[in-house]
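Here are some notes to go with a first look at this one. Keep the viewer open while you read, and stop at each residue as it comes up.

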Amino acid sequence: MTEFEILNLHATKQALIDGARALGFSQLGVTSVEIAEDAQHLLRWLDAGYHGEMEYMQRHGSMRTRPHELAPGTVRVLSVRMDYWPAEAEDAEAVLADSTLGYVSRYALGRDYHKIIRRSLAQLAEDISKRIGPFGYRVCVDSAPILEKALARNAGLGWIGKHTNLIARDAGSLFFIGEILTDLPLPVDQPASAHCGTCEACIPACPTAAIIAPYQLDARRCISYLTIEHKSAIPVELRSALGNRIYGCDDCQLCCPWNKFAQPTAEPDFAPRHGLADAELVPLFEWSEQEFLAKTEGTAIWRIGYERWLRNLAVALGNALAKSEQPVKARERIHAALVARIDHPSVLVREHVAWALTRTV
C-alpha cells in the first residue's frame, strides 16, 4: 500500500467520523473482524441455554462471530452509537414506584431505532461513496447475526459492563449501536478499557436475579427478554418480580454510576409518543387491537404484537392488585378491567388474566 493510499484511508476515516456526527451519531469507531474470545463466550452461553426461546442466536452458527461470512470481503467494522435518553420523559424511578402506571423501557418510547439508525448509516455510506467511489459495505442494526457489543468495544465505543450492556465513560449505557461492514482497510481504533472496577450495583438491582454473575446474563430470567422476546407464558415464579414493567426493563442501567454521564438524545424521533412514558395500566389494557396497532405503529413496541402486550399488562395489573396500599376505587377499576378480559380468545391472555385475579389482597 502506497503512502498516498494510506493518507487517503485516514482522510476517509475522518470523513466518516465527521459525517456520522452530522447525521446525529455521537461516536464512530473502526475495528477489525477478529473476536475469537467473544466467540467462545457466546458458545458457552448458548450451551448453558441462557438464550431461552431466542433460537435465532444459534441459527447462523459461526457467522455471528465472523462478520466476513455475513458480508464477504469485509475487513473492517464501523461501529457507531446514538444517544436515546429522552430527557422530557417522566422520571423513570417515579414511574416504577407507581403500580398503577406501566413502565416502558426508555429506549422504546419513541420511534423504532432500527429504522432511524439504518437510514442514517445508509446515508453515511452513500455520502462516502460519492467522495471516494463505490466500495463494498453492509449496514447492520441489531437484527443482523453479529456480536455488536464486542465489535463496538473493540472499536473503542465502550466496555461491556457486568450487566452485559455496553458502557461509555462519557455517555453511560443509554445509547443504541449500529454497524457498517466494509471492505475498506481503514485504520482501526484501540479497544475500550473496562472501568466497572469493584462496583456490582447492577447485580442486586435486577428484579429477577437474571445477572447470575458478573458479565453473565441468564436471558430466561431477564424482564426485557420475558416481556419482548419470550412468546409463551411468563414463568409464574417470576411474575411478581416484573412489577409494572410492561415492555423491557432499565433497572440495571438506572443504578449504574456511569449513567450520570448519560447524554439526552438530540434525535426528535426518540421523544415519547402517546403518553407512554407514564401511562396508566387500565387504559392501556382496554385498548382494542386496532388501537394497539395504531398507537404503537413505527415503534419497537409494535413488534411484540397485541397478544403479548395484553399478557404483559395482565401481569402488571395483577401485581398492582397485590399492593395493599392501593385505594379501593383503584382496585375495583383494575379488577373490572381484568374481568372484562377473562374470556379473551387467546389462551395466553386468559391464563395471565386468571393469575392476575388471584392477586387480590
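The points below go from the overall picture to single residues.

1. Before anything else, keep in mind that this is a predicted model. Every value in these notes is computed from it.

2. Start with the whole protein. There are 16 helices and ten strands to find your way around. The radius of gyration is 22 Å, close to the 21 Å that the globule rule gives for 361 residues, so the protein is as compact as a globular protein of that length. If you want a feel for the dimensions, the C-alpha trace spans about 80 × 40 × 40 Å along its principal axes.

3. How much of the protein is buried? Buried residues make up 52% of the 361 residues. As for the outside, the protein exposes about 16,100 Å², and carbon and sulfur atoms supply 53% of that area.

4. The contacts say something about how the chain is put together. Take those with a separation of 6 or more: 75% of them are between residues 24 or more positions apart.

5. Now for charge. The protein carries 38 positive and 44 negative side chains. The centres of these two sets lie 2 Å apart.

6. How many salt bridges are there? The count comes to twelve, and a few are worth a visit. In one of them, D251 and R245 meet through their side chains, at 2.8 Å from N to O. Both D251 and R245 are buried. Salt bridges with shared partners also join R81, D83 and D170 into one network. Within that network, R81 pairs with D83, and their closest N and O atoms are 3.4 Å apart. R81 and D83 are both buried as well.

7. Another pair to look at is E200 and K162, a salt bridge whose closest N and O atoms are 3.9 Å apart. This one links distant parts of the chain: E200 is in the loop between β7 (175–182) and α8 (202–205), K162 is in the loop between β5 (159–160) and β6 (166–167), and 38 residues separate them. Are the two partners buried or partly exposed? E200 has 39% relative accessibility, so it counts as partly exposed. K162 has 7%, under the 20% cut-off, and therefore counts as buried.

8. Next, look at K13, which sits in helix α1 (residues 3–22). Why does K13 count as buried? Because its relative accessibility is 11%, and buried means under 20%. Setting aside residues up to four places away in sequence, K13 touches V30, L186, P187, V188 and D189. For a sense of distance, T65 is 52 residues from K13 in sequence, and their C-alpha atoms are 24 Å apart in space.

9. E148 is another charged residue to check, this time in helix α7 (residues 148–154). With a relative accessible area of 11%, E148 is buried too. Which residues does E148 touch, not counting those up to four places away in sequence? They are C140, V141, D142, I177, G178 and E179.

10. V95 belongs to helix α5 (residues 92–97). Its relative accessibility is 2%, so V95 counts as buried. Leaving aside neighbours within four places in sequence, V95 is in contact with E90, L101, G102, Y103, N244, A277 and D278. Compare that with T74: V95 and T74 are 21 residues apart in sequence, yet 44 Å separates them in space, C-alpha to C-alpha.

11. Last, a couple of backbone angles to inspect. Most residues other than glycine have a negative phi. A209 has a positive one, near 55°. You'll find A209 in the loop between α8 and β8 (211–213), and at 42% relative accessibility it counts as partly exposed. Y215 also has a positive phi, about 70°, although it is not a glycine. Y215 is in the loop between β8 and β9 (216–217), and its relative accessible area of 36% makes Y215 partly exposed.

Terms used. Residues numbered from 1 in each chain as written. Heavy atoms only, no water. Salt bridge = Lys/Arg side-chain N within 4 Å of Asp/Glu carboxyl O. Buried < 20%, exposed > 50% of the residue type's maximum accessible area, 1.4 Å probe, protein only. Helix = DSSP H or I, 4+ residues; strand = E, 2+ residues; numbered from the N terminus. Rg over C-alpha atoms; globule rule 2.2 N^0.38 Å. Contact = heavy atoms within 4.5 Å. Areas by Shrake-Rupley, 256 points an atom, 1.4 Å probe, with all protein chains shown as cover. Lys, Arg positive; Asp, Glu negative; His and termini not counted. Charge placed at Lys NZ, Arg CZ, Asp CG, Glu CD.
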